[in-house]
Amino acid sequence: MSRIGRLPIPVPAGVEISVDGNLVSVKGAKGELSHTVPSPITVTLDDSTITVARPNDERESRALHGLTRTLIANMITGVTEGYKKDLEIVGTGYRVVAKGSDLEFALGYSHPVPVTAPEGITLTVVGPTKVTVSGIDKQQVGEVSANIRKLRKPDPYKGKGIRYAGEIVRRKVGKAGK
């Protein structure tokens with residue numbers, strides 16, 4: 001049996017969970033999320049725990065078992081604490097400016113690059129070279145962060161670009177070093 005899938009999910013105080021057939025809805029202090037559970041997997045709600053079960057040991061059922069449990073646990077964490085990713089901008093003249101709820105990046109192109117925040121995501125400018133992406137949906141926070149990083153990926157020769165906080169960019173020597 002899946003080691004992750006068989007772990008019960010504790011439900012913290014202040015979180016409402018409703019299981020309606022295949023739909024699991026989680027409501028907390030920060031917002032509301034819902035997930036449709038794939039067909040062979042069943043979700044049961046006890047007093048303060050959620051249990052995810054699978055009917056058989058087929059490959060697809062085993063794969064979906066741990067995935068479903070992790071997605072529900074991530075939804076509970078999202079509505080209680082939320083998720084955030086920090087991005088750093090490295091490079092001479094590279095900076096970010098907040099324009100309302102949107103951002104405007106100067107990344108060495110001939111034009112500024114605007115980024116609009118999708119619904120449910122908050123973009124915060126911490127400094128001229130630091131941005132924080134936060135929200136309640138872990139997948140959406142990661143996707144928006146990756147799209148912002150994609151605007152100017154870290155260069156392996158000079159190290160310039162947008163990177164995650166704490167990301168180590170492997171540097172290449174260039175044509176001068178042999």
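Is Glu88 buried, partly exposed or exposed? Glu88 is partly exposed, with a relative accessible area of 24%. That residue is a handy place to start a tour of this structure, which is a predicted model.

**Charged pairs**

As a general point, side chains of opposite charge can pair when their charged atoms come close. The structure holds five salt bridges, and three of them are set out here.

| Pair | N to O distance |
|---|---|
| Lys84 and Asp86 | 3.9 Å |
| Glu88 and Lys130 | 3.8 Å |
| Glu167 and Arg149 | 2.7 Å |

The bridge between Glu88 and Lys130 links distant parts of the chain: Glu88 belongs to strand β7 (residues 83-90) and Lys130 to strand β12 (residues 130-135), 42 residues apart. Lys130 is partly exposed, with a relative accessible area of 38%.

In the pair formed by Glu167 and Arg149, Glu167 sits in the segment after β13 and Arg149 in helix α2 (residues 138-150), so this bridge ties together parts that are 18 residues apart in sequence. Glu167 is partly exposed at 24% relative accessible area, whereas Arg149 counts as buried at 18%.

As for Lys84 and Asp86, Lys84 counts as exposed, with 57% relative accessibility, while Asp86 is partly exposed at 33%.

**A buried arginine without a bridge**

Now meet Arg163, found in strand β13 (residues 161-164). Arg163 is buried but has no salt bridge. Which side chain of opposite charge is nearest to Arg163? It belongs to Glu88, 5.2 Å away. A salt bridge needs a nitrogen and a carboxyl oxygen within 4 Å, so a separation of 5.2 Å does not qualify. The side chain of Arg163 does reach the backbone oxygen of Gly159, at 2.5 Å. Leaving aside residues up to four places away in sequence, Arg163 touches Asp86, Leu87, Glu88, Val90, Arg149, Pro154 and Val169.

Further on, Arg170 also lies in the segment after β13. Arg170 is exposed, with a relative accessible area of 76%. Its C-alpha atom is separated by 44 Å from that of Thr49, and the two residues are 121 places apart along the chain.

**The nonpolar cores**

Next come the cores. The largest nonpolar core has 19 residues, and the members that touch the most others are Ile17, Val24, Val26, Val43, Ile50, Ile72 and Ile76. Two or more residues of this core come from each of β3, β6 (49-53) and α1 (59-80). Helix α1 gives the most, with six residues. A second, separate core of 18 residues includes Ile89, Val96, Val113 and Val133.

Ile72 touches Ile9, Val24, Val43, Ile50 and Val52, again not counting residues up to four places away in sequence. Strand β3 (residues 23-27) also holds Ser25, which counts as buried at 14% relative accessibility. With the same exclusion for sequence neighbours, Ser25 touches Glu16, Ile17, Ser18, Leu33 and Ser34.

**What the record says**

An unreviewed UniProt entry lists residues 11-82 and 90-164 under "domain: Large ribosomal subunit protein uL6 alpha-beta". In the model, residues 11-82 are 31% helix and 33% strand, and the end C-alpha atoms lie 15 Å apart. Residues 90-164 are 17% helix and 41% strand, with the end C-alpha atoms 11 Å apart.

Key: Residues are numbered from 1 along each chain as its sequence is written. This is a predicted model: local features need pLDDT of at least 70, side-chain atom pairs count only at pLDDT 80 or more; totals for chains, interfaces and linings use all residues. Side-chain values use heavy atoms; hydrogens and water are left out. Helices (H or I, at least four residues) and strands (E, at least two) are DSSP runs, numbered from the N terminus. Buried means under 20% relative accessible area, exposed over 50%, partly exposed in between (1.4 Å probe, protein chains only). Lys and Arg count as positive and Asp and Glu as negative; His and the chain ends are not counted. A polar contact is a pair of N or O atoms within 3.5 Å; within protein, one must be able to donate a hydrogen and the other to accept it, and residues adjacent in sequence count only if both atoms are side-chain atoms. Contact means heavy atoms within 4.5 Å. UniProt positions are given in the numbering used here, feature names are shortened, and annotations may be inferred rather than shown by experiment. A nonpolar core is a set of buried Ala, Val, Leu, Ile, Met, Phe, Trp, Tyr and Cys residues joined through side-chain atoms within 4.5 Å.
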